[in-house]
4 protein chains.
Amino acid sequence: MKSRGLWGKKFLDIQERVTEIGPPDEDHVIVKVHACGVCGTDINFVRDWEDEPMALGHEIAAEVIEVGKNVTSVKPGDRVIVEDCTMCGICENCKSGHPEFCRNMYDMEGQPGMGEYMSVRFNSLDKFEGLDYVSASLTEPLAVSLTAVLNAEIPLGGTVLVLGPGPLGLMCATLAKLRGASFVGITGLPADNPREKARLDLAKELGCDLTIEVGKQDVEDEIKTRFPNGVDRVIVSSPPRSIYDAFKVIRFGGIITYFGLHFGGKNVIDVDINDMIFRKITLRPTFAEPAINFPISNRLLKDGLVDASQLVTHTFGFGDAKEVMGAVIDGSQPIIKAVMLPNG
Amino acid sequence: MKSRGLWGKKFLDIQERVTEIGPPDEDHVIVKVHACGVCGTDINFVRDWEDEPMALGHEIAAEVIEVGKNVTSVKPGDRVIVEDCTMCGICENCKSGHPEFCRNMYDMEGQPGMGEYMSVRFNSLDKFEGLDYVSASLTEPLAVSLTAVLNAEIPLGGTVLVLGPGPLGLMCATLAKLRGASFVGITGLPADNPREKARLDLAKELGCDLTIEVGKQDVEDEIKTRFPNGVDRVIVSSPPRSIYDAFKVIRFGGIITYFGLHFGGKNVIDVDINDMIFRKITLRPTFAEPAINFPISNRLLKDGLVDASQLVTHTFGFGDAKEVMGAVIDGSQPIIKAVMLPNG
Amino acid sequence: MKSRGLWGKKFLDIQERVTEIGPPDEDHVIVKVHACGVCGTDINFVRDWEDEPMALGHEIAAEVIEVGKNVTSVKPGDRVIVEDCTMCGICENCKSGHPEFCRNMYDMEGQPGMGEYMSVRFNSLDKFEGLDYVSASLTEPLAVSLTAVLNAEIPLGGTVLVLGPGPLGLMCATLAKLRGASFVGITGLPADNPREKARLDLAKELGCDLTIEVGKQDVEDEIKTRFPNGVDRVIVSSPPRSIYDAFKVIRFGGIITYFGLHFGGKNVIDVDINDMIFRKITLRPTFAEPAINFPISNRLLKDGLVDASQLVTHTFGFGDAKEVMGAVIDGSQPIIKAVMLPNG
Amino acid sequence: MKSRGLWGKKFLDIQERVTEIGPPDEDHVIVKVHACGVCGTDINFVRDWEDEPMALGHEIAAEVIEVGKNVTSVKPGDRVIVEDCTMCGICENCKSGHPEFCRNMYDMEGQPGMGEYMSVRFNSLDKFEGLDYVSASLTEPLAVSLTAVLNAEIPLGGTVLVLGPGPLGLMCATLAKLRGASFVGITGLPADNPREKARLDLAKELGCDLTIEVGKQDVEDEIKTRFPNGVDRVIVSSPPRSIYDAFKVIRFGGIITYFGLHFGGKNVIDVDINDMIFRKITLRPTFAEPAINFPISNRLLKDGLVDASQLVTHTFGFGDAKEVMGAVIDGSQPIIKAVMLPNG
């Protein structure tokens with residue numbers, strides 16, 4: 001079976017390739033991809049990656065087409081999320097109820113989610129019903145945000161600041177509200193282009209109590225005016241250096257959780273250990289592999305507790321992939337989340 | 001391959017049967033059983049079970065003989081524990097880090113652990129090294145006790161009473177000490193036969209601070225004399241009705257965890273809900289399926305934190321199975337833990 | 001200073017008494033009570049209590065009038081909640097961060113909250129601002145519900161059934177939603193009188209996804225139709241015997257928390273220990289003394305996360321106390337929460 | 001009442017002063033100090049402090065002499081620990097069961113613990129029995145170590161490395177063993193003087209499985225040889241820069257807890273945020289104020305779970321204070337813990 005898919009590298013060098021897929025191995029499943037979200041990682045590839053082009057897309061909602069002879073957990077026609085990273089299920093960590101420490105994970109075997117078809121191992125599939133494919137494609141990024149929010153252990157009625165208003169940050173804010181925070185603020189770049197404006201506007205729609213335009217407004221001032229002792233939790237979806245702001249606004253005894261990466265030395269920050277000790281501040285990173293929270297994340301979408309339609313602002317196909325990803329980079333369009341429909 | 005094994009029913013009707021095993025399916029493994037402990041469940045079968053004879057033995061340490069073509073996790077010669085009950089690894093509960101709620105578990109497919117050979121699914125095996133087979137066969141019962149002790153959330157320096165001095169109760173006491181309890185007491189029947197005497201003697205050797213002979217001594221008196229407010233935790237390895245004693249000696253705000261079963265109506269007890277509310281007592285059952293704590297349990301044995309040689313007092317083969325199990329029932333011998341060696 | 005207050009016993013024998021209050025001891029504070037809610041306990045007194053009349057009212061919002069010479073934490077004019085039960089702050093439990101296990105608590109020294117003035121120890125007062133007295137009087141019952149909801153450890157997106165639609169049950173439902181439950185159901189008596197109808201109507205307004213009229217509808221049927229495996233959590237605000245329903249609808253591995261009391265033998269229920277073990281069901285009672293969650297509860301009201309105006313349907317004074325409490329008993333009026341205003 | 005006590009500043013400028021103490025305020029208690037341990041903080045004062053001399057000593061075991069008129073919790077003759085830092089017991093944090101976040105703590109009002117008598121607030125006293133004063137003076141430092149070990153959430157059978165072999169580090173190692181760690185290693189300076197040699201020797205006596213002489217041996221090599229994946233937990237009692245070693249040896253998903261301070265810029269370290277994210281490493285500081293774990297710590301000493309006699313190597317009085325503290329600094333004597341006896 002032929003499958004057309006996308007690979008990419010820097011300067012928006014996005015390439016269409018056709019690969020041969022299947023028939024499935026005994027424990028593999030052929031799926032037809034109906035929707036695949038664009039992640040910040042994809043954007044990094046098509047903006048900065050200098051090496052061989054990378055397969056694009058890993059936020060995947062698909063339909064089962066054919067199953068290997070040993071597969072009983074799904075059947076043709078089933079709607080499934082394809083996990084980008086799956087626990088092995090047999091190591092000591094998995095058996096002890098700590099799949100988050102599994103080191104033998106299954107991945108997508110180099111295939112792009114932004115492609116017509118994929119062959120995936122049966123255990124990487126999570127069946128779902130009652131949810132359209134585009135909405136379902138949010139399962140992966142929502143699970144990332146969910147992992148951060150659970151790590152943050154938000155107290156009922158607590159106060160939370162989210163740093164960074166990308167789709168992940170916006171979903172963190174939504175989930176923090178859903179978990180019962182009384183105050184959720186979010187920071188972003190100044191709303192000087194359509195992308196940033198759309199994000200801060202959506203933050204308000206999602207119920208954020210405060211948006212801060214970093215550069216125009218001072219994060220510490222804005223928070224301390226409202227909460228002189230700082231906020232209970234800070235969730236950092238932006239790059240490591242924004243953790244400096246987190247330290248400024250976290251309350252005595254608070255928790256900072258973060259998942260924003262940066263490379264080239266910008267991943268290293270100075271930490272004042274005395275200050276962390278005297279103020280009892282915990283630094284707890286979030287890394288959402290393997291796909292621990294996919295089932296819960298999918299259910300939140302299905303039950304309507306998170307509304308995908310507010311987040312997915314654009315869909316696209318092979319023909320306009322370059323244009324849409326370019327716009328995500330240059331901010332010229334009010335894109336929150338763009339989702340590719342590889343099969344139209 | 002022929003395999004001789006044991007089945008049993010009431011009145012010590014223990015039957016030897018020969019079954020055909022293997023060759024292994026693609027994801028199965030043939031193992032040679034070197035040691036299989038006698039569990040209270042086995043004893044219940046050969047004492048009370050009225051229906052078709054049941055396969056005996058599920059505390060299994062074995063050697064890999066042959067592997068199916070898809071199996072890469074073990075190879076011939078490896079030492080393994082055979083899990084009696086294995087998480088599926090692909091359901092929502094397993095993926096969420098809650099294999100303890102998995103409902104699609106793999107079992108031993110009707111085979112006795114008290115047999116020469118078994119064919120088991122690859123994911124039911126936990127490899128180990130540096131531990132002899134007899135000691136390793138304690139992995140399963142130790143995991144049961146470990147689950148109870150972890151459920152009990154024993155505070156460092158806390159006080160614990162274990163009800164029931166069988167192998168599981170004795171291991172609970174050992175683990176409670178290992179977890180940093182300052183006081184561990186244990187109750188048992190009066191030491192009027194060799195079995196009961198051996199158990200209470202061993203309890204003292206294992207470091208128990210108090211042994212109580214129920215019937216001769218009053219549990220509440222013995223505890224309240226030492227701790228007028230009661231103990232922090234009670235772990236109940238004995239039948240449900242002994243939970244009445246647990247309520248008498250648990251402190252305000254304490255936790256009672258229990259795993260002792262009984263049938264025929266004796267599984268139902270009266271609970272005073274007002275009393276539980278006013279005294280803030282939590283009832284938290286322990287059920288150690290699937291095999292969540294096998295890897296940790298095996299490591300405790302290997303690292304010598306739990307000394308198997310103190311617990312395994314008897315080994316036996318096909319020839320003396322009936323005699324040994326009979327002695328466990330009638331108490332005529334100082335048996336703590338008996339382990340069958342199906343291959344001599 | 002003279003203070004008029006209410007005492008009561010069965011058959012609605014509600015008595016007005018005048019007592020002499022103050023001047024305050026060095027560590028006491030004289031407060032003027034502006035609002036005091038009617039609790040189920042008060043109703044029990046005026047319906048069933050056979051002994052000497054009991055002081056009525058302990059859900060108290062008041063104003064500081066005069067402070068003892070050692071008191072620096074409040075000053076005249078401050079708005080305060082009067083705790084009915086206060087941690088000692090110096091025992092091992094309090095010092096270890098476990099005031100919930102404190103056994104040396106301060107109480108209200110026999111004074112009715114349904115009275116004009118009280119003399120209370122300084123440490124029993126929680127200051128608040130930005131909230132009216134009537135709403136603030138919900139702090140105590142909301143804290144009871146909050147303790148139950150926190151004990152229930154509601155998973156984000158989880159399913160919850162609340163048994164009993166009194167003010168406490170209704171607030172449990174509200175808080176469960178606030179904590180991110182995807183489904184909250186509530187049970188009540190058939191809506192055959194104004195009181196029961198008002199409660200079930202309010203449940204729907206508060207966002208409950210299902211109301212079940214016990215007697216007319218079968219609890220298990222209603223839940224299992226929607227959730228064949230049962231719900232994640234059951235919170236029992238109704239009497240102990242309703243825990244039988246909780247066992248029927250709780251999912252494998254679920255938690256049942258409960259705080260409804262009953263007396264005269266109806267506090268004892270049968271519990272099938274085997275079933276609890278096999279289904280991994282935890283029984284965790286809730287008893288909200290001392291006043292651990294008052295500050296958080298008060299903040300939820302102030303921040304508008306819980307809307308007091310939906311719950312407080314009636315206010316009353318000395319003149320109509322008997323009529324209102326009678327109506328709460330006989331169900332003849334659509335009362336959810338009635339609040340006395342002892343100073344008009 | 002006259003009380004002789006010690007104050008100090010740099011260059012071992014230790015001064016004896018006589019102050020007037022008491023009679024006690026209504027809520028104060030006069031105690032006679034029988035034993036007061038030397039803390040690293042005291043050593044810092046007499047080595048480096050440049051300003052006005054500081055009161056020395058805060059690890060205090062004493063006897064009640066006289067109580068203020070409102071005090072009922074202790075009486076003359078009682079043995080007590082004097083807390084250096086006591087929760088207020090009335091703020092929102094204390095009432096919510098989080099005294100660790102209390103910001104209104106009581107302190108020792110400028111008095112040296114290394115003095116004959118003190119006047120202390122009644123709520124700063126923890127009564128004890130069945131323990132001599134010298135051993136009891138370890139309550140404070142043991143509580144610091146206990147807080148770190150509890151923060152570390154040591155898994156049963158887990159592996160732990162303690163950085164720094166001072167009294168606090170040694171007690172961390174002891175407590176980690178007591179909590180059920182299977183392996184505990186400890187690092188120190190090379191055993192080239194009597195002080196360092198004594199510490200590493202005691203580490204072995206206390207059951208440490210490995211001692212590492214930093215400078216002579218490489219921490220990472222020593223650990224990775226034994227545990228290629230690193231250890232479960234690192235507890236850092238040494239200065240902030242040793243956290244670099246912690247990052248090298250912590251396993252995927254591990255927790256680093258630390259309480260060693262340093263000043264003058266040496267409190268700031270570089271942290272690679274990407275690395276923390278990819279390896280799921282939590283940084284959780286420990287700061288043991290207020291005195292949350294004193295009661296438990298005291299009980300561990302009383303119950304013999306921690307043996308004070310192994311740690312207290314020297315006692316001294318006013319006459320030899322300078323000599324002993326000088327020896328702690330220069331390492332010329334095999335001092336682990338030195339305890340002053342201000343009343344001989």
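**Exercise 1. A residue with an unusual backbone angle**

Where is the place of Phe11(A) in chain A?

*Solution.* The model is a predicted one, in which local features need pLDDT of at least 70, side-chain atom pairs count only at pLDDT 80 or more, and totals for chains, interfaces and linings use all residues; side-chain values use heavy atoms, with hydrogens and water left out. Residues are numbered from 1 along each chain as its sequence is written, while chains are lettered from A and ligands numbered from 1 in the order in which they are written.

Step 1. Phe11(A) lies in the loop between E1 and E2 of chain A. Helices (H or I, at least four residues) and strands (E, at least two) are DSSP runs, numbered from the N terminus.

Step 2. The phi of Phe11(A) is near 65 degrees, a positive value in a residue other than glycine. Most residues other than glycine have a negative phi, and most peptide bonds are trans.

Step 3. Strand E1 (residues 2–9) of chain A is joined to E2(A) by 8 bridges, and the two run antiparallel. Within this pairing, Leu6(A) stands opposite Glu16(A) in E2(A). Two strands count as paired if DSSP finds at least two bridges between them.

Step 4. An open sheet of 3 strands has the order E2-E1-E4 in chain A, with antiparallel pairing. Its edge strands are E2 (13–20) and E4 (54–55) of chain A, each of which pairs on one side only.

**Exercise 2. Cis peptide bonds**

Identify two cis peptide bonds and the loops that hold their prolines.

*Solution.* Step 1. In chain C, the bond from Gly22(C) to Pro23(C) is cis, with omega near 5 degrees. Pro23(C) belongs to the loop between strand E2 (13–20) and strand E3 (28–37) of chain C.

Step 2. In chain D, the bond from Glu289(D) to Pro290(D) is cis, with omega near -5 degrees. Pro290(D) is placed in the loop between strand E15 (282–285) and helix H10 (294–302) of chain D.

**Exercise 3. The interface of chain B and chain C**

Describe the contact between chain B and chain C, beginning with its area.

*Solution.* Step 1. About 3,100 Å² is buried between chain B and chain C, and carbon and sulfur atoms give 65% of this area. Buried area is the accessible area (1.4 Å probe) that two parts lose on being put together, summed over both. In chain B, Ile273(B), Ile277(B) and Lys280(B) lose the most area to chain C, together 20% of what that side buries.

Step 2. The contact (heavy atoms within 4.5 Å) takes 35 residues from chain B and 35 residues from chain C.

Step 3. Between the two chains there are 0 salt bridges, a salt bridge being a side-chain nitrogen of Lys or Arg within 4 Å of a carboxyl oxygen of Asp or Glu. There are, however, 15 residue pairs in polar contact (both at pLDDT 80 or more). A polar contact is a pair of N or O atoms within 3.5 Å; within protein, one must be able to donate a hydrogen and the other to accept it, and residues adjacent in sequence count only if both atoms are side-chain atoms.

Step 4. On the side of chain B that touches chain C, strand E13 (250–258), strand E14 (268–272), helix H9 (273–279) and strand E15 (282–285) each supply at least two residues.

Step 5. E14(B) pairs with strand E14 (residues 268–272) of chain C in the antiparallel sense over 5 bridges. In this pairing, Ile269(B) is opposite Val271(C) in E14(C).

Step 6. Of the interface residues of chain B, 100% are also interface residues in chain C, so the copies meet through the same surface.

**Exercise 4. The interface of chain C and chain A**

How many residues does the contact take from chain C and from chain A?

*Solution.* Step 1. The contact takes 18 residues from chain C and 18 residues from chain A. The area buried between them is about 1,200 Å², of which carbon and sulfur atoms give 57%. In chain C, Leu156(C), Leu178(C) and Arg179(C) lose the most area to chain A, together 49% of what that side buries.

Step 2. This interface has 0 salt bridges and 9 residue pairs in polar contact (both at pLDDT 80 or more).

Step 3. A rotation of 180 degrees with 0.0 Å of shift along its axis superposes chain C on chain A (RMSD 0.0 Å). That is the relation of a two-fold axis. Copies are superposed by least squares on the C-alpha atoms of residues with pLDDT of at least 70 in both. Arg179(C) comes closest to the rotation axis of the residues of chain C, at 2.3 Å (C-alpha).
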